[in-house]
Amino acid sequence: MENKSTLVTDVFEEGKFWVADFTVETSYAPGKPPKSLFIVSPTLQGSYPVVLFLHGFCVVNSFYSSLLRHVSSHGYIVVAPQLYLPPNDMANGSEELENAATVTNWLPKGLQGLLPTNVQPDFTKIALAGHSRGGKAAFALALGLAHTSLKFTLLIGLDPVAGFSKCKICQTPPIILTYFPRAFNINMPVAVIGTGLGSEPRYLVLSCAPRGVNHDEFYEECKPPRYHFVTTEYGHMDMLDDNPNGLLGMAANCSCVNGKGPREPMRKCVGGIMVAFIRAYFGGNRGDLKAILLDPEIAPVKLDSVEFEEE
């Protein structure tokens with residue numbers, strides 16, 4: 001076992017790559033995506049792994065711009081589709097899943113033409129990630145509940161939520177939680193990042209990430225290799241940008257219990273864990289992930305519990 005004092009990592013800081021972020025609107029024109037996309041990509045010539053990121057319930061994809069720029073700056077192309085946009089365009093869980101699958105199937109033929117010059121996506125290394133209900137959708141996609149032509153090789157759930165409570169009628173379709181350990185038939189490494197305040201109710205009503213349908217149960221049903229991190233003092237929406245725009249931004253800021261500290265350290269923590277996890281399995285460099293697992297105190301925010309089980 002390594003001495004904690006020798007463990008260092010750069011994943012919590014901005015990476016070495018300059019990145020560009022841009023939005024591509026959907027249309028029926030040839031080559032256009034089936035859903036609007038928020039893309040963050042390195043600008044330096046090269047081939048980069050791809051991260052497909054699914055937004056949370058009633059959240060705009062660009063509200064994650066700081067988090068996704070952090071991830072991309074370490075050498076990844078991040079694609080965040082707008083699966084639906086309330087109030088005019090709503091979708092239930094099954095429709096959200098199908099929309100995610102449609103975007104996934106479009107990527108091999110359409111993404112290249114949207115990227116900076118001489119930047120290429122490496123579809124042999126594609127990670128699937130999502131937040132809140134989008135995290136649940138990512139798990140459903142990984143479980144094969146919608147057909148995709150691409151093979152995902154990593155799965156990351158950011159405070160995933162399956163519904164309002166454990167009762168089946170309170171869960172969003174399709175229902176995936178079984179309440180049996182290691183029940184998920186997901187044959188890829190999984191990282192689950194939960195929040196300590198996500199299960200606390202706001203205004204004495206339902207919480208944004210209720211116990212029984214939140215990160216704890218998702219991790220419990222994963223098979224190894226699996227990793228579980230909990231940001232103790234932060235809430236369900238605290239990985240978003242500081243001041244998201246518009247009514248949806250206001251709703252995102254006030255609908256859940258938030259941490260008392262600034263959001264930047266939370267975004268660095270979540271983004272850093274994502275980068276360390278992706279590096280470990282895409283780049284073969286397990287040093288960063290090992291450093292966090294052995295000494296969670298190196299993270300920018302307090303990590304309440306770190307659980308993991310490797311093959």
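How many of the 21 residues of α6 are buried? In this predicted model, 16 of the 21 residues of helix α6 are buried, and the helix is accordingly described as mostly covered. From its first C-alpha to its last, α6 reaches 29 Å, which is close to the 30 Å expected at 1.5 Å a residue. The helix is followed by Gly 284, a residue whose phi is positive and lies near 75°.

Helix α6, which spans residues 263–283, also takes part in a contact with a distant part of the chain. Lys 268 of this helix forms a salt bridge with Glu 13, and the closest N and O atoms of the pair are 3.7 Å apart. Glu 13 belongs to the segment before β1 (19–24), and the two partners are 255 residues apart. Lys 268 has a relative accessibility of 25% and counts as partly exposed because this value falls between the limits of 20% and 50%. Glu 13, at 46% relative accessibility, likewise counts as partly exposed.

In total, the count comes to 11 salt bridges. One of these joins Arg 182 to Glu 309, with the closest N and O atoms lying 2.2 Å apart. Arg 182 is found in the loop between β6 (154–158) and β7 (190–195), whereas Glu 309 is in strand β9 (residues 303–309), so the salt bridge ties together parts of the chain that are 127 residues apart in sequence. Both ends of this pair are partly exposed, Arg 182 with a relative accessibility of 38% and Glu 309 with a relative accessible area of 24%.

A further salt bridge is formed where the side chains of Arg 286 and Glu 310 meet, at 2.5 Å from N to O. Because Arg 286 lies in the loop between α6 and α7 (287–294) and Glu 310 in the segment after β9, this pair ties together parts that are 24 residues apart in sequence. Arg 286 counts as partly exposed at 32% relative accessibility, and Glu 310 is partly exposed as well, with a relative accessible area of 37%. In addition, Asp 10, Arg 279 and Asp 288 are joined into one network by salt bridges that share partners.

The empty space within the model was also examined. The structure holds one cavity of 30 Å³ or more, and about 30 Å³ of space lies in the largest cavity. Its lining is made up of Gly 93, Glu 96, Leu 97, Arg 133, Lys 136, Ala 137, Ala 140, Thr 172, Pro 173 and Pro 174. Helices α2 (93–110) and α3 (133–142) each supply at least two of these lining residues, and the largest share, four residues, comes from α3. By character, the residues lining the largest cavity divide into five nonpolar, two polar and three charged.

The largest pocket, in turn, contains about 480 Å³ of space. A total of 26 residues line this pocket, and those lying nearest its centre are Phe 57, Ser 132, Phe 164, Ser 207 and Cys 208. The largest share of the pocket lining, three residues, is contributed by helix α5 (residues 246–254). The lining of the largest pocket comprises 17 nonpolar, seven polar and two charged residues.

Note on methods:
Residues are numbered from 1 along each chain as its sequence is written. This is a predicted model: local features need pLDDT of at least 70, side-chain atom pairs count only at pLDDT 80 or more; totals for chains, interfaces and linings use all residues. Side-chain values use heavy atoms; hydrogens and water are left out. A salt bridge is a side-chain nitrogen of Lys or Arg within 4 Å of a carboxyl oxygen of Asp or Glu. Helices (H or I, at least four residues) and strands (E, at least two) are DSSP runs, numbered from the N terminus. Buried means under 20% relative accessible area, exposed over 50%, partly exposed in between (1.4 Å probe, protein chains only). The expected span of a helix is 1.5 Å times one less than its number of residues. On a 1 Å grid over the protein atoms alone, a cavity is a set of points where a 1.4 Å probe fits but cannot get out, and a pocket is an open set with protein on both sides within 12 Å along at least five of seven lines; lining residues have an atom within 4 Å of a point. Grid points are joined across faces, edges and corners, and a volume is the space filled by probe spheres set on the points. Ala, Val, Leu, Ile, Met, Phe, Trp, Tyr, Cys and Pro count as nonpolar, Asp, Glu, Lys and Arg as charged, and the others, Gly among them, as polar.
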